[in-house]
Amino acid sequence: MDPLVASLKISSSGLRVQSQRMRIVSENLANVQSTGDTPGANPYQRKTITFKSEVDRALGANLVAVKNIGSDKGDYRVEFDPSHPAADENGNVKYPNVNTLIELADMREASRSYEAGLQMMVKSREMITRTIDLLRSR
């Protein structure tokens, strides 16, 4: 396969997984205050995403893909608030194990990785266009 076309496919696989990563981070941030529906119930559990490298034999290159979307088994944050509808018999409310700072740092990293992949795609397209222009000028 043409190396320029291969570079487009490699960068598109990177864009795809970073987009999914941003979706997971957004879900975590949206549910940072989501408690359980009933008293003492477990709240929203933070989601995590892992990646893997896949060999594309037709392309002759490694692509990145989502390996797993799992859940963080970390402890929930517990606060004393007896007036909350999700409070247990002792007045404690379980809040999700989502740390906003970690999610924002992860979002920034995903955004920068997405931008890098996008720049790689733009450069590949420029090189393809220049190659076509050179072939036309003969």
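Which residues does the UniProt annotation "domain: Flagellar basal-body/hook protein C-terminal" cover? In the unreviewed entry, that annotation covers residues 90–134. The structure on display is a predicted model.

**Stop 1: the annotated segment.** Select residues 90–134. Over this range the chain is 78% helix and 9% strand, and the C-alpha atoms at the two ends are 76 Å apart.

**Stop 2: a surface patch.** Next, select Y114, L118 and V122. Together these residues make a nonpolar surface patch of about 220 Å². V122 belongs to helix α2, which spans residues 100–136. V122 counts as partly exposed because its relative accessibility is 35%.

**Stop 3: S11 and its surroundings.** Move to S11, in helix α1 (residues 3–30). Is S11 buried or exposed? With a relative accessibility of 3%, S11 counts as buried. Show the side chain of S11 together with the backbone of L8: a polar atom of that side chain lies 3.0 Å from the backbone oxygen of L8. Then add G117, M120 and M121, with which S11 is in contact when its neighbours within four places in sequence are left aside.

**Stop 4: a salt bridge between helices.** The whole structure contains nine salt bridges. One of them can be displayed by selecting R21 and D106, whose side chains meet at 2.4 Å, N to O. This pair links distant parts of the chain, with R21 in helix α1 and D106 in helix α2, 85 residues apart. R21 counts as buried, at 7% relative accessibility, whereas D106 counts as partly exposed, at 21%.

**Stop 5: a salt bridge within helix α1.** Select R23 and E27. The closest N and O atoms of this salt bridge are 2.8 Å apart. The two residues are separated by about one helical turn because they are four residues apart in helix α1. E27 is partly exposed, with a relative accessible area of 23%, and R23 also counts as partly exposed, at 40% relative accessibility.

**Stop 6: a salt bridge between loops.** Finally, select R46 and D72, which form a salt bridge with closest N and O atoms 3.3 Å apart. D72 lies in the loop between β2 (61–71) and β3 (77–80), and R46 in the loop between α1 and β1 (47–56), so the pair ties together parts 26 residues apart in sequence. D72 counts as partly exposed at 24% relative accessibility, while R46 is buried, with a relative accessible area of 14%.

To close, return to R21 and D106 and add E109: salt bridges that share partners join R21, D106 and E109 into one network.

Definitions and conventions. Residues are numbered from 1 along each chain as its sequence is written. This is a predicted model: local features need pLDDT of at least 70, side-chain atom pairs count only at pLDDT 80 or more; totals for chains, interfaces and linings use all residues. Side-chain values use heavy atoms; hydrogens and water are left out. UniProt positions are given in the numbering used here, feature names are shortened, and annotations may be inferred rather than shown by experiment. Patches are made of residues with over 30% relative accessible area and no salt bridge: like charges are joined within 9 Å, nonpolar side chains (Val, Leu, Ile, Met, Phe, Trp, Tyr) within 5 Å. Accessible areas come from the Shrake-Rupley method with a 1.4 Å probe; for residues, only the protein chains shown count as cover. A salt bridge is a side-chain nitrogen of Lys or Arg within 4 Å of a carboxyl oxygen of Asp or Glu. Buried means under 20% relative accessible area, exposed over 50%, partly exposed in between (1.4 Å probe, protein chains only). A polar contact is a pair of N or O atoms within 3.5 Å; within protein, one must be able to donate a hydrogen and the other to accept it, and residues adjacent in sequence count only if both atoms are side-chain atoms. Contact means heavy atoms within 4.5 Å.
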